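Welcome! Open your viewer, set the chain to a cartoon view, and follow along one stop at a time.

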Amino acid sequence: MTVHNVTEMLVRELLQDFFVKTNRLPCACEHCQDDIVALALNGLPTRYASSDIGEAYYKTQVLSSQVQSDIIRELTLAAGIVAKRPHHDASHEEQAAATEEAAAVTTEVAAAEASTKGDFAKDES
Ligand SMILES: [Zn+2]
C-alpha cells in the first residue's frame, strides 16, 4: 500500500454522502466532481497515511472533530463555484463555436482557452 492523502479520501466520501446521493449538485458528472474535490482540497490540510491502520485511526479522529464540518464547508463553497462555472459546459460551448465559425485562428484560440480553463482546478491541487 502506498502513501495517500486521507483528506482526499474523506472529501470524496463526504461529497458522495452529502452532495451526490442527496442530489444537491446541479451536475454530478465525473468532471464536475473532480473539480469540486480539487477546489475543496485547496482549502483543507493534507493528512497522509501509509497503512490501513493509520487511515482508520485518522478517520476516527477526524469524524468526531471539527474537521468534518470544515470539509463540508469547503465542499459547499467548491460546489457553488463549479455550479456557476462548470468546465464541461464551457468546453462544449467553445467546441460548438469553433465548429460554427470554422476559422483556423478561432479554433486555436478556443482550444487555448479550453486547455487553460480545464487545467485551472487541477494545477492548484
Ligand atoms: Zn458536469
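Two residues are in contact if their C-beta atoms, placed from the backbone, lie within 7 Å. Keep that in mind for the whole chain: among contacts between residues at least 6 apart in sequence, 81% join residues at least 24 apart.

**Before you select anything.** This is a predicted model, in which local features need pLDDT of at least 70 and side-chain atom pairs count only at pLDDT 80 or more, while totals for chains, interfaces and linings use all residues. Residues are numbered from 1 along each chain as its sequence is written.

**Stop 1: the whole chain.** You should find six helices and two strands, in the order β-α-α-β-α-α-α-α along the sequence. Helices (H or I, at least four residues) and strands (E, at least two) are DSSP runs, numbered from the N terminus. Of the 125 residues, 14% count as buried, meaning that 20 or more other C-beta atoms lie within 10 Å of the residue's own, with C-beta atoms placed from the backbone.

**Stop 2: colour by confidence.** pLDDT is the predictor's confidence in each residue, from 0 to 100. The chain's mean is 79, and 66% of its residues reach 70 or more. Which element has the lowest mean pLDDT, and which the highest? Select residues 87-101 for the lowest, helix H5 (56), then residues 30-42 for the highest, helix H2 (96).

**Stop 3: H2 with H4.** Keep H2 selected and add helix H4, residues 66-84. Two packed helices are described by the angle between their axes and the distance between the axes. Here the angle is about 130 degrees and the axes are 8 Å apart; axes are lines fitted to C-alpha atoms over the stretch in contact, and angles run from 0 to 180 degrees between N-to-C directions. H2 and H4 are therefore oblique to each other (angles under 35 degrees count as roughly parallel, over 145 as roughly antiparallel, 65 to 115 as roughly perpendicular and the rest as oblique). Show side chains for the contact: H2 brings Cys32, Asp35, Ile36, Leu39 and Ala40, and H4 brings residues including Ile71, Glu74 and Leu75. By class there are ten nonpolar, no polar and two charged residues (Ala, Val, Leu, Ile, Met, Phe, Trp, Tyr, Cys and Pro count as nonpolar, Asp, Glu, Lys and Arg as charged, and the others, Gly among them, as polar).

**Stop 4: H1 with H2.** Now swap H4 for helix H1, residues 6-20. H1 and H2 pack at about 130 degrees, with their axes 10 Å apart, which makes H1 oblique to H2. Select Thr7, Glu8, Val11, Arg12 and Leu15 of H1, which meet Gln33, Ile36, Val37, Ala40 and Leu41 of H2. This contact has six nonpolar, two polar and two charged residues.

Technical notes: Buried ≥ 20, exposed ≤ 12 C-beta atoms within 10 Å, placed from the backbone.
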